[in-house]
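Student: Hey, I've got a model to go through and could use a second pair of eyes. Can you walk me through it?

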Amino acid sequence: EGNFDYKADSQYAKSMKNFEAISDFARSKTVKQQREYLPIFSVRDELLNVIRENRIVIIVGETGSGKTTQLTQYLYEEGYTKYGVIGCTQPRRVAAVSVAKRVSEEMSCKLGEIVGYAIRFEDCTSENTVLKYMTDGVLLRESLNEADLDQYSAIIMDEAHERSLHTDVLFGILKKIVARRRDLRLIITSATMNAQKFSEFFGGAPIYSIPGRTFPVDTIFSKTPVDDYVDMAVKQAIAIHLQQPPGDILIFMTGQEDIMATCVLLNERIAELGTAAPKIKVLPIYSQLPSENQAKIFEKSDIRKCVVATNIAETSLTVDGVKYVIDTGFCKLKVFNPKIGMDALQITPISQANANQRQGRAGRTGPGICYRLYTDTIYREDLLENNIPEIQRTNLANVVLLLKSLNIDNLLQFDFMDPPPQDNILNSMYQLWILGALNDTGGLTDLGKKMVEFPLDPPLSKMLLESEKYRCTSELLTIVSMLSVPSVFYRPKDRETDADSAREKFFVPESDHLTLLNVYNQWKNNGYRSDWANEHFIHVKALRKVREVRAQLLDIMNSLRIEEMSCGNNWDMVRKVIASGYFHNSAKIKGIGEYVNMRTGIPCILHPSSALFSLGYTPDYIVYHELTMTSREYMQYVTAVDPYWLAELGPMFFSTKDTFREIDRKRRNEKKMQAEEDMKRIQSTLLNQTQSVE
Ligand code: ADP
Ligand code: MG
């Protein structure tokens with residue numbers, strides 16, 4: 001243990017010798033210079049000493065100091081890969097892919113060989129891979145099958161300050177693994193200074209700080225609160241572009257829609273300025289953006305770049321050359337919404353910690369300016385000091401399922417750095433119970449054990465498993481895969497009408513899910529052709545992804561001895577299976593296009609993109625995939641259902657009597673009270689059980 005001499009015969013040295021073309025040498029030299037210029041390089045040897053002498057180390061360093069791209073390579077050069085793979089986890093998919101790509105370039109090897117990455121539904125590694133970047137979710141799943149993570153010699157938990165749900169769960173799991181495996185190195189990295197908490201959690205592990213190299217940043221607050229941050233950000237970007245010296249601009253937006261709106265508006269306003277105005281390159285970056293477009297933000301450019309990003313650019317990705325930051329003060333977060341009893345993506349004010357990270361992005365290569373589109377008072381009085389960890393604000397159904405299958409029954413006593421509120425755990429257990437994944441005493445049912453195998457939300461895996469009964473696994477595989485990728489429909493600007501009418505041709509009146517199935521089947525019947533997809537305004541890349549995901553899910557089904565079978569044209573069965581996963585999201589018609597949620601009584605409406613909405617078809621009973629909350633509660637992906645099915649599949653909520661007759665208020669209240677009592681009873685059983693076991 002601890003004997004990792006730096007040897008000239010390391011694999012890295014070998015791969016350097018095999019270095020093919022001379023012309024590559026010039027390039028690699030500049031890469032070498034780039035690597036040596038990073039702040040982390042100046043402390044390389046000291047850092048490696050600390051890692052050699054301590055099994056757990058916390059490393060703190062400014063964003064851009066080289067933690068993510070260099071640490072894995074240092075460990076490699078030091079010979080750690082002789083004993084196993086070096087894993088580096090990222091909370092974000094985009095970061096895992098982009099960083100792996102960068103490191104493979106720095107090491108002049110093909111991505112997927114020595115350096116690879118793994119994200120959900122995409123494994124770009126081979127048996128030669130020894131530096132593996134992955135999402136924290138992927139590592140968590142690996143721990144299911146390999147309880148001690150034996151293949152790894154070192155694990156870097158990167159971006160720990162993000163406190164993503166999976167990172168937080170991994171903390172507890174890894175702490176135990178390190179206690180068992182004396183040969184494993186665990187490195188936790190964080191971009192912020194409050195690493196004390198990590199150190200305490202990991203038994204006083206040493207904190208190593210990489211000396212920073214930052215330049216002063218002027219911060220300019222808005223004088224009055226801003227109404228429309230998209231418009232304001234565009235105005236500010238144009239003002240900078242026309243008045244300020246060269247330097248790239250980075251705008252922090254909330255999510256994809258706001259980012260696209262900003263890019264469109266910015267390009268329009270620039271075009272209005274005419275040819276006299278200097279050129280600018282507007283580049284979006286968000287997680288669902290195709291990866292070849294993501295790479296563009298790193299390309300060198302002679303003209304000014306304006307990158308419009310989600311908070312991914314806060315710490316996980318560094319764009320060099322940024323001199324101006326525009327901070328809207330908002331981000332999009334997944335938050336558990338007690339009103340609807342589920343998670344919803346919500347636009348939320350950032351924390352002061354976020355604001356300071358964003359500001360710091362302007363001072364990486366020289367002095368910069370940060371424009372905050374909120375007032376000084378809002379910053380001081382309204383913004384929280386730190387983020388609320390995801391584990392404390394989201395649905396934990398998936399995590400509960402994973403932990404249960406790791407035989408961690410006593411969830412309330414799991415070693416969480418910040419335990420989730422008890423209500424969160426119980427509510428998630430309740431959701432798993434209504435789906436049939438947990439029994440009355442909180443143990444995993446057979447169904448629950450099978451559900452764990454799928455990297456999917458519990459209602460989706462439930463549908464896949466349920467489809468066996470109705471002999472329509474083929475149809476459900478397609479639908480679940482379609483729901484697991486970004487929308488396949490393509491709607492280019494200026495051709496919206498053509499795109500919409502192309503899409504309408506796929507509509508199945510009673511179901512958005514069946515509409516998705518229809519699109520995929522037609523593509524398949526047309527030989528999976530890309531020209532067919534283009535003609536019909538469908539993203540062929542997205543469809544190809546669906547096909548890959550589908551094949552992977554089918555593999556899992558086969559491993560559970562479930563075969564692919566089709567119900568042909570009997571799509572009623574498919575709708576029934578959809579109801580089996582989503583009966584908790586059922587709604588009943590109230591007026592024209594207006595529904596009320598059957599459990600909560602909350603009004604909700606069809607999303608304009610729904611086939612049902614477009615065709616004006618309003619069945620009495622529907623289930624929906626999710627609610628998005630904007631000005632109103634919109635149901636997305638809706639399917640008409642038979643009320644008998646609801647009573648059959650969700651007996652804890654519905655009975656045929658009241659689904660048919662208009663129930664009077666008293667009956668409804670009784671029903672509601674009954675459901676609440678059920679919930680209390682289940683919760684107290686689960687709670688008693690979790691408390692009594694150690
Ligand atoms: P940290 O993890 O400490 O924030 P990184 O290792 O991510 O730092 O980044 C170190 C440097 O590598 C940054 O200056 C960044 O510009 C550069 N870099 C990272 N990813 C890429 C990429 N995909 N393309 C070009 N440069 C990159
Ligand atoms: Mg990093």
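Student: Okay, which way do strands S6 and S7 run, and how many bridges join them?

Tutor: This is a predicted model, to begin with. In it, strand S6 (residues 152-157) and strand S7 (residues 185-190) run parallel and are joined by four bridges. Within that pairing, Ile-156 sits opposite Ile-187 of S7.

Student: What packs on the sheet there?

Tutor: Helix H4 does, touching S6 and S7 along with strand S1 (56-60), strand S2 (85-90) and strand S5 (131-135). The direction of H4 makes about 170° with that of S2. Helix H5 packs on the sheet too, where its contacts are S2, strand S3 (115-119) and S5. For H5, the angle of about 170° is with S3.

Student: And what's the strand order in the whole sheet?

Tutor: It's an open sheet of eight strands, ordered S4-S3-S5-S2-S6-S7-S1-S8, with mixed pairing. Strand S4 (122-124) and strand S8 (207-209) each have a single partner strand, so one side of each has no neighbour in the sheet. On average, neighbouring strands are turned by 20° against each other, ignoring direction.

Student: Switching to the ligand. Which residues come nearest to ligand 1?

Tutor: Lys-67, Thr-68, Thr-69, Arg-102 and Phe-298, out of 17 residues around it. Helices H4 (67-77) and H5 (93-106) each supply at least two residues of that shell.

Student: What's the shell like by class?

Tutor: Ten polar, four charged and three nonpolar residues.

Student: How many strands are in the sheet that has S9 in it?

Tutor: Six, in an open sheet with parallel pairing and the order S9-S16-S13-S10-S12-S11. The edges are S9 (217-221) and S11 (280-285), each with a single partner, so each has one side without a neighbouring strand. The twist from one strand to the next averages 15°.

Student: Zoom in on S10 and S12 for me?

Tutor: S10 (residues 248-252) pairs with S12 (residues 304-309) in the parallel sense over four bridges. Leu-250 has Val-307 in S12 as its bridge partner. Helix H10 (residues 256-272) lies across S10, S11 and S12, and runs at about 170° to S11.

Student: Last one: is Phe-506 buried or exposed?

Tutor: Buried, because it has 21 C-beta neighbours inside 10 Å, and 20 is enough to count. Phe-506 is in the loop between helix H20 (496-504) and helix H21 (512-525).

Student: What does Phe-506 touch?

Tutor: Leaving out residues up to four places away in sequence, Phe-506 touches Thr-515, Asn-518 and Val-519. Its C-alpha is 30 Å from that of Cys-263, and the two residues are 243 apart in sequence.

Technical notes: Residues numbered from 1 in each chain as written. Chains lettered and ligands numbered in written order. Predicted model: local features only at pLDDT ≥ 70, side-chain atom pairs only at ≥ 80, totals over all residues. Pairing = 2+ DSSP bridges. Axes fitted to C-alpha atoms, helices over the stretch in contact; angles between N-to-C directions. Contact = placed C-beta atoms within 7 Å. Near = placed C-beta within 6 Å. Nonpolar A, V, L, I, M, F, W, Y, C, P; charged D, E, K, R; others polar. Buried ≥ 20, exposed ≤ 12 C-beta atoms within 10 Å, placed from the backbone.
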